[in-house]
Amino acid sequence: MEDKMPILSVKNLFVNYGAIQALKGVDLDVYAGEIVAVIGANGAGKSTMMSAIMGDVPRAGGDILLDGKPLPSKSFQVVTAGISLSPEGRKVFAPLTVYENLQMGAFPLKDRSLVAEQLKKVYHLFPRLEERQGQYAGTLSGGEQQMLAIGRALMAMPRVLLLDEPSLGLAPIIISEIFKELTEVNQLLGMTILIVEQNARKALLLSNRAYVLQTGKIIMEGDSKELLYNPEIEEAYLGGKKK
Amino acid sequence: MDMIIQQVINGLSLGSVYALIAVGYSLVYSILLFSNFAHGGFLVIGGYICYFVLKGAGMNIWTASFAALIGAGISAVIVERLAYKPIRERTPVTLYMLIASLGMSIVIENIFVVTVGGRFRALPPVIPTQPVNFFGLATTSAFDLLSLVTAIVFLAGLQLFLSKTKWGLAIRAASYNLRTAGLMGVNVNRLISIVFFVAGLLAGVGGIFLSVRYTLYPQLGMITTKAFVAAVIGGLGSLPGAVVGSLILGLAEMLTAGFISSQFRDLVVFGLLIVTLIVRPTGLFGKSVGEKV
Ligand SMILES: Nc1ncnc2c1ncn2[C@@H]1O[C@H](COP(=O)(O)OP(=O)(O)OP(=O)(O)O)[C@@H](O)[C@H]1O
Ligand SMILES: [Mg+2]
């Protein structure tokens with residue numbers, strides 16, 4: 001994998017909020033077809049990194065490349081270039097229906113038949129969304145809203161799908177369901193996924209490779225399964241030894 | 001009985017013109033979360049364009065209204081680009097935009113005072129105002145019926161635009177969360193321009209009818225205070241609310257004028273506002289659907 005060019009590459013990324021340095025030189029690569037996880041505690045800068053990739057917060061330094069080419073800095077151009085985000089806290093459009101939310105996700109697509117095709121794929125992955133397509137998104141359960149947020153991001157037919165804490169506030173059984181569906185998204189659609197999570201165990205089980213972010217810096221990276229059994233990681237992020 | 005029907009028609013007619021103004025104002029509010037006090041300026045711009053195209057260029061009313069609507073729409077976009085965009089790109093605090101809009105409303109008013117003068121002008125008699133018999137029930141004026149019908153056509157057009165088109169959907173999404181709409185690949189600046197264009201255009205329609213009703217002068221934009229009140233009564237940011245609030249206000253004004261005294265009109269208007277704010281501060285159609293986190 002290392003000899004190929006990464007599909008998404010973050011190089012020496014800095015982001016400041018006023019005087020606060022939220023990211024202090026983050027480097028990260030995502031290769032086509034893989035699932036990459038970024039784990040880290042509250043306030044480590046995970047969401048900030050996602051927002052910076054999406055052009056939703058300004059970068060103070062560094063480069064972000066998609067297929068080796070600099071990613072534009074405005075959100076709408078980033079989406080058109082091929083990256084979409086399922087944001088932290090889901091952010092579904094509550095007063096719009098499920099169907100309308102999905103149509104919003106497809107906003108950059110010009111070709112209506114492509115939209116219809118993609119909608120079929122999303123409904124196939126998340127049959128519950130199809131059942132509830134006329135329902136207002138604000139009346140969905142938390143788990144359904146998360147599915148909608150992921151489905152909505154998929155509607156843009158991205159090259160890379162970004163997921164910010166899809167497990168947030170959900171019951172363990174729902175989390176398992178969503179993570180199973182993410183595996184399907186990766187395998188059935190061949191979708192490249194970058195996921196950030198506080199739920200480190202789930203994220204490491206799902207992903208191929210992972211990075212550990214701590215106060216704005218990557219402090220460790222490697223194969224997810226190896227990180228899962230790394231004593232330091234176990235201590236800091238997996239709640240100590242379980243066995 | 002005749003009198004009641006007549007005043008109801010007049011009230012609906014006036015209310016529907018308020019609705020054109022209130023809906024645009026509410027649309028802008030729902031996206032940018034500030035009260036655009038320059039909104040009245042757009043209707044004055046529409047009124048003067050209509051006047052000068054009719055008088056100066058000797059065109060017919062269709063050409064003149066078309067020019068007025070497009071001109072009002074474009075000036076709204078220009079005001080946004082000049083006065084609000086630089087602010088919203090620097091700070092999330094919407095109070096600054098509100099203050100800028102107060103400034104812009106003064107600027108627009110004074111541009112007209114300086115260039116064309118402050119005198120009252122009557123539009124040439126191109127819009128019929130003769131009395132007509134309304135299905136044998138009452139006598140009303142052709143003007144009232146025309147403004148009612150026109151307002152309905154434009155409001156229905158707006159509704160179709162918002163519910164059936166891609167940008168309409170994006171505007172509804174953005175009125176819930178502008179930032180998230182941006183994450184969907186919507187060019188937020190273009191969306192805001194479209195919203196201002198639509199708001200300006202609708203104000204332009206209102207401007208033409210108000211110029212006929214009250215004559216045209218640089219301070220005619222002050223009338224938008226009524227539309228603001230209507231939007232608040234209906235629930236700020238809610239478009240059905242803006243329409244219903246406007247109709248209530250128009251009816252209240254005309255019934256007061258017809259049965260009590262014209263002098264009490266404004267008293268009733270602000271009385272309604274105060275009662276609404278006490279009984280139901282979010283207005284009749286105030287936002288309630290929340291987001292589950
Ligand atoms: N809009 C903002 N203004 C100021 N500081 C911010 C802002 N957003 C985030 N921060 C700060 O930046 C740091 C990183 O925040 P970020 O939201 O990226 O963390 P996170 O890793 O996503 O945390 P969590 O797991 O709680 O979502 C934190 O110290 C946070 O307080
Ligand atoms: Mg976060």
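Let us start at the ligand: a backbone N or O atom of A:G43 lies 2.8 Å from an oxygen atom of ligand 1. Please keep in mind throughout that this is a predicted model. A second backbone contact comes from A:G45, where an N or O atom of the main chain is 2.9 Å from a ligand oxygen. A side chain takes part as well: an N or O atom in the side chain of A:E88 sits 2.6 Å from an oxygen atom of ligand 1. Taken on its own, ligand 1 has 630 Å² of accessible area, and the protein covers 62% of it.

It helps to look at the rest of the shell around the ligand. There are 13 residues around ligand 1, and those that come nearest are A:N42, A:K46, A:S47, A:T48 and A:E88. Sorted by class, the shell holds four nonpolar, six polar and three charged residues. Which helix of chain A gives the largest share of this shell? That is α1, spanning residues 46–54, which supplies three residues.

From here, turn to the open sheet of chain A. Six strands make it up, arranged in the order β6-β7-β8-β3-β9-β10, with mixed pairing. Its edges are β6 (83–86) and β10 (217–223), each of which pairs on one side only. Going from one strand to the next, the twist averages 20°. At the β10 end, you can follow one pairing in detail: strand β9 (residues 209–214) of chain A and β10(A) run antiparallel and share six bridges. Among the residues involved, A:Y211 has A:E221 in β10(A) as its bridge partner.

Next, find strand β1 of chain A, which covers residues 8–17 and contains A:N12. Eight bridges join β1(A) to β2(A), and the two strands run antiparallel. Together they form a hairpin with two residues between them, and in the turn A:G18 has a positive phi of about 60°. Two positions help to trace the register: A:L13 stands opposite A:V26 in β2(A), while A:S9 has A:D29 in β2(A) as its bridge partner. β1(A) also pairs with strand β4 (residues 61–66) of chain A, again in the antiparallel sense, through five bridges. Here A:S9 appears once more, standing opposite A:L65 in β4(A). A:S9 is therefore a handy place to pause, because it has a partner in β2(A) and another in β4(A).Back in β1, A:N12 deserves a look at its backbone: its phi is positive, about 50°, although A:N12 is not a glycine. Is this residue buried, partly exposed or exposed? Its relative accessibility is 41%, so A:N12 counts as partly exposed. Chain B offers another non-glycine residue with a positive phi, B:T215, at about 65°. Look for B:T215 in the loop between α8 (188–214) and α9 (224–234) of chain B. B:T215 has 25% relative accessibility and so counts as partly exposed.

Some loops of chain A are also worth a visit. Between β2 (20–30) and β3 (35–39) lies A:E34. With a relative accessibility of 1%, A:E34 counts as buried. What does its side chain reach? The side chain of A:E34 comes to 2.7 Å from the backbone nitrogen of A:Y31.

Further along the chain, A:T97 is found in the loop between β6 and α3 (98–105). A:T97 is buried, with a relative accessible area of 14%, and the cut-off for that class is under 20%. How far is its C-alpha atom from that of A:G138? The two residues are 41 apart along the chain, and their C-alpha atoms are separated by 8.4 Å.

A last stop is A:A156, in the loop between α6 (142–154) and β7 (160–164) of chain A. A:A156 counts as buried at 10% relative accessibility. Its C-alpha atom is separated by 38 Å from that of A:E232, which lies 76 residues away along the chain.

Definitions and conventions:
Residues are numbered from 1 along each chain as its sequence is written. Chains are lettered from A and ligands numbered from 1 in the order in which they are written. This is a predicted model: local features need pLDDT of at least 70, side-chain atom pairs count only at pLDDT 80 or more; totals for chains, interfaces and linings use all residues. Side-chain values use heavy atoms; hydrogens and water are left out. A residue is near a molecule or strand if one of its heavy atoms lies within 4 Å of it. A polar contact is a pair of N or O atoms within 3.5 Å; within protein, one must be able to donate a hydrogen and the other to accept it, and residues adjacent in sequence count only if both atoms are side-chain atoms. Accessible areas come from the Shrake-Rupley method with a 1.4 Å probe; for residues, only the protein chains shown count as cover. Helices (H or I, at least four residues) and strands (E, at least two) are DSSP runs, numbered from the N terminus. Ala, Val, Leu, Ile, Met, Phe, Trp, Tyr, Cys and Pro count as nonpolar, Asp, Glu, Lys and Arg as charged, and the others, Gly among them, as polar. Buried means under 20% relative accessible area, exposed over 50%, partly exposed in between (1.4 Å probe, protein chains only). Two strands pair if DSSP finds at least two bridges between them. Axes are lines fitted to C-alpha atoms, for helices over the stretch in contact, and angles run from 0 to 180 degrees between N-to-C directions.
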